[in-house]
Amino acid sequence: MEKIKTNSYFVTICKSKNKTFIQRRKRKGLHAYPRTLTLKEINKCLKNSKIKYPKLLKNGFKFVHEEYIESTRDIKTLSNIEIIDNVTNIISNLNKIDVDNKKIVWKNNSEFLKFSIQNLKEVLIHKNPIKLNEYLLELDNMYKELDDERKLCFIHGDIHTKNMIISKDDFYLIDWELATYGDLAYELAMHFILMEYTGQEKDIFFSKLVKNIDLDVKKLMNDVEIYINFELYRRKVLKELKK
């Protein structure tokens with residue numbers, strides 16, 4: 001079996017006589033929020049959806065094997081508007097998925113962000129406990145401002161062009177290991193940060209999304225900004241700790 005290294009430490013393309021597949025190293029450590037679903041559970045959630053994704057082939061202790069999706073068109077040839085069309089369609093379908101998992105410990109959007117802040121706190125305690133209170137002062141009441149009337153939904157958590165593949169006429173979203181049951185506003189905030197959309201593109205995104213999901217757009221936009229502020233602050237703090 002031939003192993004081809006990729007740009008990621010966690011991902012290797014494996015080729016044998018009969019098939020090509022992806023070998024993904026399981027990650028450990030603290031993240032933006034607790035990982036509550038295994039890849040097996042995530043695949044079960046996606047199974048009956050209309051979303052195109054790489055199927056799980058093998059679930060090992062340290063590695064998982066996933067279906068290899070061959071790209072037939074460079075994702076960079078798509079405009080941001082074309083990407084928005086595909087992403088809003090995927091998010092609309094994610095919103096229809098029911099997740100029955102007892103490991104999910106947050107009951108609403110406020111609790112979801114509160115757990116994210118708690119995770120950051122644990123990182124800071126480990127790396128720099130002396131400046132803990134200084135770092136967390138700005139985050140104390142952030143989660144209390146979120147709209148808890150908006151229902152939690154299934155989210156990918158890391159939607160950007162490096163996790164998109166066009167194969168023939170199909171648009172695939174890959175790298176689902178961060179998927180969980182969480183806040184739609186977090187999903188959009190991360191996507192907007194990673195894609196660096198203009199204000200006009202964000203407006204187009206919201207207008208397309210609300211055609212498929214019944215949402216209070218004003219509250220959603222407000223909450224997206226809260227998550228953007230949280231994520232940018234989190235990145236700033238972690239960057240400072242590396243100095």
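Biologist: Let's kick off with Cys 153: is it buried or exposed, and at what relative accessible area?
Modeller: Buried here means under 20% relative accessible area, exposed means over 50%, and partly exposed is in between (1.4 Å probe, protein chains only). Cys 153 goes in the buried class, with a relative accessible area of 2%.

Biologist: Before we go on, what kind of model is this?
Modeller: Residues are numbered from 1 along each chain as its sequence is written, and side-chain values use heavy atoms, leaving out hydrogens and water. Local features need pLDDT of at least 70, side-chain atom pairs count only at pLDDT 80 or more, and totals for chains, interfaces and linings use all residues, this being a predicted model.

Biologist: How many disulfides does the count come to?
Modeller: A disulfide is a covalent bond between the sulfur atoms of two cysteines. The rule asks for a pair of cysteine sulfur atoms within 2.5 Å. By that rule, the number of disulfides is zero.

Biologist: And how far is Cys 45 from the nearest cysteine sulfur?
Modeller: Cys 45 counts as buried, at 18% relative accessibility. Cys 153 is in no disulfide, and its nearest cysteine sulfur is that of Cys 45. Cys 45 is in no disulfide either. From Cys 45, the sulfur of Cys 153 is away by 12 Å.

Biologist: Rings next. How many aromatic pairs are there?
Modeller: Rings of Phe, Tyr and Trp (its six-membered ring) pair if their centres lie within 6.5 Å; planes under 30 degrees apart are stacked, over 60 edge-to-face, and the rest tilted. Applied to this model, the rule gives an aromatic pair count of 10.

Biologist: What is the angle between the planes of Trp 106 and Phe 115?
Modeller: Trp 106 is buried at 3%, while Phe 115 is partly exposed at 30%. Their centres are 5.6 Å apart. The pair counts as edge-to-face, the angle between the planes being 65°.

Biologist: Which helices hold Phe 192 and Phe 206?
Modeller: These two also pair edge-to-face, at 5.7 Å centre to centre and 85° between the planes. Phe 192 is buried at 3%, and Phe 206 is buried too, at 6%. Helices are DSSP runs (H or I, at least four residues), as are strands (E, at least two), numbered from the N terminus. The pair links distant parts of the chain, 14 residues apart, with Phe 192 and Phe 206 in α5 (residues 184-195) and α6 (residues 199-209).

Biologist: Why do the buried residues of α6 sit on the same side?
Modeller: Those buried residues are Glu 201, Phe 205, Phe 206 and Leu 209. The arc is taken from the directions from the helix axis to the C-beta atoms. They share a side of α6 because they cover an arc of only 140°.

Biologist: What do the buried residues of α6 pack against?
Modeller: Contact means heavy atoms within 4.5 Å. On that basis, the packing partners of the buried α6 residues are α2, α5 and α7.

Biologist: Which residue meets Lys 208 in a salt bridge?
Modeller: A salt bridge is a side-chain nitrogen of Lys or Arg within 4 Å of a carboxyl oxygen of Asp or Glu, and a search of the whole structure finds eight. This one is 2.9 Å, N to O, and joins α6 to α2 (residues 80-94) across 123 residues. Lys 208 is partly exposed at 25%. At 36%, so is its partner, Asp 85.

Biologist: Which residues make one network through shared salt bridges?
Modeller: Arg 150 bridges Asp 147 at 3.8 Å and Asp 223 at 2.9 Å. Asp 223 lies in α7 (residues 217-242) and Arg 150 in the loop between α4 (132-136) and β6 (153-155), so the pair ties together parts 73 residues apart. Asp 223 and Arg 150 are both buried. Shared partners make one network of Asp 147, Arg 150, Asp 183 and Asp 223.

Biologist: Where does Asp 183 lie?
Modeller: At 0% relative accessibility, Asp 183 is buried. Beyond neighbours within four places in sequence, its contacts include Asn 109, Phe 112, Arg 150 and Tyr 227. Asp 183 lies in the loop between β9 (180-182) and α5.
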